[in-house]
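Student: Please take me through one part of this model in detail. I would like the aromatic pair and the sheets around it.

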Amino acid sequence: MDEKITVVAVDAMGGDNAPAEIVKGAVEAVNERDDIKVVLVGIKDAITAELKKYEYNKKQISITEATEVIETGEPPVKAIRGKKDSSIVVGLNLVKHEEADAFVSAGSSGAILVGGQLIVGRIKGIERPPLAPLIPTKDGVALLIDCGANVDARSSHLVQFANMGSIYMENVVGIKKPRVAIVNIGAEEEKGNALVKETMPLLKECEDINFIGSIEARDIPEGYADVIVCEAFVGNVILKLYEGIGNVMLRKIKGGLMSSVRSKIGALLIKPALKKTLKAFDTKEYGGAPLLGLKGLVVKTHGSAKAVEVKNSIIQCVSFKNGKINEKIKENIL
């Protein structure tokens, strides 16, 4: 593959809005960047019908046929092993055989997690690959790691999460010596469950990370840390609450601004600044969650992803490749 071009395989059949929003997001990505090639994986006729709606550089988008689709409710292991010609399996194999630099999907989370490990494989030394989305904070973004892959993690897993998260934030987001914190119910060291208490001294001993101690959930939006370490049960709760509050606040603000003639006039005056602020706190603007620690890049987007999130997830893969994240993880772990 051309080192200057990032080839991204995209599951055109995954998610609630496939293939329409997936294809639209792919088109928007290549129309915004000329250093991306997208391989849309799925049912050819359905993808072709959607592509006909748009203008784009035909050299930047191709189709790889996959005749099967893994549904959300299917048992992940059985689905990965049984549906060899599904869009998820075919897409992951493109990464495995180095025909694509990355795979993006809004499909079954379980199938993507299982398939990522069984097909693409883990980097030697990585115990558990975590899902790590960027979440908005007051001053920028933080990496939440893990948000859904390992609900019964051990302390050694959390230490690796901290290391991989630091590498990602430094080389993709550009934060030097990113501050690492572990999610806890208080700042005092004696607080926390058994996992937190066991992990805390191990993180303190890590010379390769900038560990600052515990962080309470209310301090995450304030931006007190750049890498938020936790096991997946806690991380998923934080992520879903984040998204829920964001959606409710957005509706409440819009409702308040439209409630009277005076508020509507005020809304017109503050619209540009408000739009910019609200956009910064929209999780869709930050792409998907990379499954860190695999031999190739796999990115999971929301099942309800629209075109903007698909586009940002594709573009996110360029930064991952250019930052040589996998190479740096290999160096750090080995």
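Tutor: What follows starts at the aromatic pair and works outward to the sheets.

This is a predicted model, so a few ground rules come with it: local features need pLDDT of at least 70, side-chain atom pairs count only at pLDDT 80 or more, and totals for chains, interfaces and linings use all residues. Residues are numbered from 1 along each chain as its sequence is written, and side-chain values use heavy atoms, with hydrogens and water left out.

Start with the rings. Phe, Tyr and Trp rings (the six-membered ring for Trp) pair if their centres lie within 6.5 Å; planes under 30 degrees apart are stacked, over 60 edge-to-face, and the rest tilted. That rule gives 1 aromatic pair. The partners are Y168 and F320, tilted, with centres 6.2 Å apart and planes at 50 degrees. The pair ties together distant parts of the chain: Y168 sits in helix α6 (residues 155–173) and F320 in helix α10 (residues 307–322), 152 residues apart. Helices (H or I, at least four residues) and strands (E, at least two) are DSSP runs numbered from the N terminus.

Y168 is buried, at 0% relative accessibility. F320 is buried too, at 7%. Buried means under 20% relative accessible area, exposed over 50%, and partly exposed in between, using a 1.4 Å probe and protein chains only.

Now the surroundings of Y168. Contact means heavy atoms within 4.5 Å. Beyond its neighbours within four places in sequence, Y168 is in contact with L134, L143, V173, P290, L292, Q316, F320 and I325. L143 is 25 residues from Y168 in sequence, and their C-alpha atoms are 8.5 Å apart. The side chains of Y168 and Q316 share a polar contact of 3.3 Å. Such a contact is a pair of N or O atoms within 3.5 Å; within protein, one must be able to donate a hydrogen and the other to accept it, and residues adjacent in sequence count only if both atoms are side-chain atoms.

Next, the sheet of 5 strands. Two strands pair if DSSP finds at least two bridges between them. This sheet is open, with order β5-β6-β9-β7-β8 and mixed pairing. β5 (134–137) and β8 (210–215) stand at the edges with a single partner strand each, so one side of each has no neighbour in the sheet. Neighbouring strands are turned by 30 degrees against each other on average, direction ignored. Helix α8 (residues 232–257) packs on this sheet, touching β5, β6 (140–145) and β7, with its direction at about 50 degrees to that of β5. Axes are lines fitted to C-alpha atoms, for helices over the stretch in contact; angles run from 0 to 180 degrees between N-to-C directions. Strand β7 (residues 179–183) pairs with strand β9 (residues 227–229) in the parallel sense, over 3 bridges. There A181 has I228 in β9 as its bridge partner.

The helix of F320 leads to another sheet. α10 lies across β1 (6–11), β2 (36–42), β4 (102–105), β10 and β11, at about 145 degrees to β1. These strands belong to an open sheet of 6 strands, ordered β3-β2-β1-β4-β11-β10, with mixed pairing. Its edge strands are β3 (61–65) and β10 (289–290), each pairing on one side only. β10 meets strand β11 (residues 297–300) in the antiparallel sense over 2 bridges. In β11, K300 is the bridge partner of A289.
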